[in-house]
Amino acid sequence: MKKQLISISFIALTLLGFTTSSCKKDKIKGCMNPDATNYSSSVTEDDGSCTFKRDKFIGNYIGSRLCTIVLADTSMTLQITGDGIEYTKLLLNDFPESGSVVKATVNSQNETLLIIPPQEISNDLETYSLSGTASYYQGKIILNYIKNNAGTLDTCGLNIDKQN
(Lines give C-alpha, C1' and ligand atoms only; values in the text may rest on other atoms or scores of the structure.)
Protein backbone atom coordinates (compact mmCIF):
# COMPACT_ATOMS: atom_id res chain seq x y z
CA MET A 1 0.00 0.00 0.00
CA LYS A 2 2.82 2.33 0.91
CA LYS A 3 4.51 1.54 -2.45
CA GLN A 4 1.28 2.29 -4.34
CA LEU A 5 0.88 5.62 -2.52
CA ILE A 6 4.45 6.57 -3.40
CA SER A 7 3.90 5.55 -7.05
CA ILE A 8 0.63 7.50 -7.29
CA SER A 9 2.27 10.55 -5.68
CA PHE A 10 5.18 10.33 -8.13
CA ILE A 11 2.80 10.09 -11.12
CA ALA A 12 0.69 12.99 -9.80
CA LEU A 13 3.75 15.22 -9.33
CA THR A 14 5.06 14.31 -12.78
CA LEU A 15 1.71 15.20 -14.39
CA LEU A 16 1.57 18.43 -12.39
CA GLY A 17 5.04 19.31 -13.66
CA PHE A 18 4.00 18.77 -17.29
CA THR A 19 0.81 20.75 -16.78
CA THR A 20 2.51 23.79 -15.25
CA SER A 21 5.35 23.79 -17.79
CA SER A 22 2.86 23.71 -20.68
CA CYS A 23 1.00 26.70 -19.21
CA LYS A 24 4.00 29.00 -19.73
CA LYS A 25 3.19 31.68 -22.25
CA ASP A 26 4.95 31.38 -25.58
CA LYS A 27 7.04 34.36 -26.58
CA ILE A 28 5.33 36.52 -29.17
CA LYS A 29 7.93 38.09 -31.43
CA GLY A 30 7.37 41.40 -33.18
CA CYS A 31 7.74 45.14 -32.71
CA MET A 32 7.59 46.56 -29.19
CA ASN A 33 8.25 50.24 -30.04
CA PRO A 34 4.99 52.25 -29.69
CA ASP A 35 6.33 54.82 -32.21
CA ALA A 36 6.47 52.18 -34.96
CA THR A 37 3.79 51.68 -37.60
CA ASN A 38 3.74 47.92 -36.88
CA TYR A 39 3.71 48.13 -33.06
CA SER A 40 1.72 45.46 -31.24
CA SER A 41 0.91 45.56 -27.53
CA SER A 42 0.69 41.74 -27.45
CA VAL A 43 4.37 41.31 -28.41
CA THR A 44 6.59 39.97 -25.61
CA GLU A 45 9.94 39.84 -27.46
CA ASP A 46 11.26 42.50 -29.87
CA ASP A 47 12.59 40.92 -33.06
CA GLY A 48 13.95 44.09 -34.68
CA SER A 49 11.15 44.28 -37.25
CA CYS A 50 9.88 47.77 -36.30
CA THR A 51 9.10 50.11 -39.18
CA PHE A 52 8.57 53.84 -38.88
CA LYS A 53 6.76 56.53 -40.86
CA ARG A 54 10.04 57.88 -42.19
CA ASP A 55 11.39 54.54 -43.47
CA LYS A 56 9.67 54.72 -46.86
CA PHE A 57 11.54 57.96 -47.63
CA ILE A 58 15.04 56.74 -46.72
CA GLY A 59 17.25 55.97 -49.73
CA ASN A 60 19.03 57.42 -52.74
CA TYR A 61 17.11 59.30 -55.42
CA ILE A 62 17.82 60.55 -58.93
CA GLY A 63 15.70 63.00 -60.87
CA SER A 64 15.41 66.50 -62.19
CA ARG A 65 14.78 69.98 -60.82
CA LEU A 66 13.14 72.96 -62.44
CA CYS A 67 13.13 76.45 -60.88
CA THR A 68 11.45 79.73 -61.88
CA ILE A 69 14.65 81.81 -61.93
CA VAL A 70 16.95 79.25 -63.54
CA LEU A 71 14.61 77.68 -66.08
CA ALA A 72 17.01 74.97 -67.23
CA ASP A 73 16.01 71.46 -66.17
CA THR A 74 18.91 70.13 -64.09
CA SER A 75 19.45 66.55 -63.07
CA MET A 76 20.06 65.90 -59.41
CA THR A 77 20.85 63.16 -56.93
CA LEU A 78 19.58 63.22 -53.37
CA GLN A 79 20.18 61.01 -50.37
CA ILE A 80 17.57 60.88 -47.61
CA THR A 81 18.61 59.51 -44.20
CA GLY A 82 17.05 59.30 -40.76
CA ASP A 83 17.80 62.09 -38.31
CA GLY A 84 18.73 60.42 -35.04
CA ILE A 85 16.23 58.50 -32.96
CA GLU A 86 13.26 60.73 -33.73
CA TYR A 87 11.30 58.42 -36.00
CA THR A 88 9.60 61.16 -38.02
CA LYS A 89 12.74 63.25 -38.72
CA LEU A 90 14.77 63.06 -41.94
CA LEU A 91 17.84 64.68 -43.47
CA LEU A 92 17.92 65.58 -47.16
CA ASN A 93 21.62 65.36 -47.99
CA ASP A 94 23.12 67.29 -50.93
CA PHE A 95 19.89 69.27 -51.24
CA PRO A 96 19.30 71.73 -52.80
CA GLU A 97 22.95 71.55 -53.85
CA SER A 98 25.98 69.41 -53.11
CA GLY A 99 27.16 69.73 -49.51
CA SER A 100 23.89 71.12 -48.12
CA VAL A 101 21.74 69.28 -45.58
CA VAL A 102 18.07 70.14 -45.09
CA LYS A 103 15.88 68.86 -42.24
CA ALA A 104 12.39 67.51 -42.89
CA THR A 105 9.60 65.91 -40.85
CA VAL A 106 6.98 63.34 -41.84
CA ASN A 107 3.55 64.95 -41.53
CA SER A 108 1.62 63.54 -38.55
CA GLN A 109 -1.72 63.45 -40.43
CA ASN A 110 -0.43 62.24 -43.81
CA GLU A 111 2.46 59.76 -43.72
CA THR A 112 3.26 60.30 -47.42
CA LEU A 113 3.94 64.02 -46.95
CA LEU A 114 7.19 65.62 -45.80
CA ILE A 115 7.30 69.09 -44.34
CA ILE A 116 10.47 71.12 -44.86
CA PRO A 117 10.25 73.86 -42.25
CA PRO A 118 11.91 77.22 -42.94
CA GLN A 119 15.65 76.94 -42.38
CA GLU A 120 18.80 78.79 -43.28
CA ILE A 121 21.28 77.26 -45.74
CA SER A 122 24.81 78.56 -46.20
CA ASN A 123 27.46 77.70 -48.75
CA ASP A 124 30.60 79.41 -50.05
CA LEU A 125 28.57 81.72 -52.31
CA GLU A 126 25.40 82.66 -50.41
CA THR A 127 23.10 82.30 -47.44
CA TYR A 128 19.38 81.83 -48.04
CA SER A 129 16.27 80.39 -46.44
CA LEU A 130 14.42 77.39 -47.77
CA SER A 131 11.05 75.74 -47.03
CA GLY A 132 8.71 73.37 -48.78
CA THR A 133 6.84 70.06 -48.94
CA ALA A 134 7.38 66.69 -50.56
CA SER A 135 4.93 63.94 -51.50
CA TYR A 136 5.91 60.28 -51.68
CA TYR A 137 4.17 57.70 -53.84
CA GLN A 138 5.55 54.26 -54.79
CA GLY A 139 9.22 55.18 -54.78
CA LYS A 140 8.78 58.64 -56.30
CA ILE A 141 9.01 62.01 -54.59
CA ILE A 142 7.68 65.30 -55.89
CA LEU A 143 9.27 68.05 -53.86
CA ASN A 144 8.30 71.71 -54.09
CA TYR A 145 10.30 74.36 -52.29
CA ILE A 146 10.91 78.08 -52.13
CA LYS A 147 14.40 79.51 -51.93
CA ASN A 148 14.49 83.03 -50.49
CA ASN A 149 17.80 84.75 -51.20
CA ALA A 150 17.71 88.30 -49.77
CA GLY A 151 14.09 88.78 -50.86
CA THR A 152 14.45 87.12 -54.26
CA LEU A 153 12.12 84.12 -54.31
CA ASP A 154 12.89 81.13 -56.51
CA THR A 155 10.16 78.47 -56.63
CA CYS A 156 11.45 75.04 -57.55
CA GLY A 157 10.03 71.61 -58.24
CA LEU A 158 11.90 68.36 -57.96
CA ASN A 159 10.77 65.03 -59.44
CA ILE A 160 12.95 62.16 -58.20
CA ASP A 161 12.88 58.34 -58.25
CA LYS A 162 14.17 56.06 -55.52
CA GLN A 163 17.16 53.99 -56.57
CA ASN A 164 17.36 51.58 -53.61
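Which residues is serine 100 in contact with, leaving aside its neighbours within four places in sequence? Hold that thought, everyone, while I set the scene.

What we have here is a predicted model, in which local features need pLDDT of at least 70, side-chain atom pairs count only at pLDDT 80 or more, and totals for chains, interfaces and linings use all residues. Residues are numbered from 1 along each chain as its sequence is written, and side-chain values use heavy atoms, with hydrogens and water left out.

Back to serine 100. Its contacts, meaning heavy atoms within 4.5 Å, are Leu92, Asn93, Asp94, Phe95, Ile121 and Tyr128. Serine 100 itself is in the loop between β5 (89-93) and β6 (101-106). Is serine 100 buried or exposed? With 5% relative accessibility, it counts as buried. Buried is under 20% relative accessible area, exposed is over 50%, and partly exposed is in between, using a 1.4 Å probe and protein chains only.

Now the whole chain. It has one helix and ten strands; these are DSSP runs numbered from the N terminus, H or I with at least four residues for a helix, E with at least two for a strand. Along the sequence, the helix comes before the strands, in the pattern α-β-β-β-β-β-β-β-β-β-β. The chain has 164 residues, and 29% of them count as buried.

Next, salt bridges. Side chains of opposite charge can pair when their charged atoms come close. The rule asks for a side-chain nitrogen of Lys or Arg within 4 Å of a carboxyl oxygen of Asp or Glu, and by that rule there are four salt bridges. One of them joins lysine 103 and aspartate 83, at 3.9 Å from N to O. Lysine 103 belongs to strand β6, while aspartate 83 is in the loop between β4 (74-82) and β5, so this pair links parts of the chain that are 20 residues apart. Lysine 103 is partly exposed at 47% relative accessibility, and aspartate 83 is partly exposed too, at 23%.

Another salt bridge is between lysine 140 and aspartate 161, at 2.7 Å from N to O. Because lysine 140 is in strand β9 and aspartate 161 in strand β10 (residues 152-162), this pair ties together parts 21 residues apart in sequence.

Then there is glutamate 126 with lysine 147, a salt bridge of 3.1 Å from N to O. Here the loop between β7 (113-122) and β8 (127-137), home of glutamate 126, is linked to strand β9 (residues 140-149), home of lysine 147. Which other side chain does lysine 147 sit over? The charged end of lysine 147 is over the ring of tyrosine 128, 4.4 Å from its centre. For that label, NZ of Lys or CZ of Arg must be within 6 Å of the ring centre and within 35 degrees of the ring normal. Tyrosine 128 was also among the contacts of serine 100.

Last, aromatic pairs, of which there are three. Rings of Phe, Tyr and Trp (its six-membered ring) pair if their centres lie within 6.5 Å; planes under 30 degrees apart are stacked, over 60 edge-to-face, and the rest tilted. Phenylalanine 52 and tyrosine 87 are stacked, 3.8 Å centre to centre with 10 degrees between the planes. Phenylalanine 52 and tyrosine 87 are 35 residues apart. Phenylalanine 95 and tyrosine 145 are edge-to-face, at 4.9 Å and 80 degrees. That pair joins the loop between β5 and β6 to strand β9, 50 residues apart, and both residues are buried.
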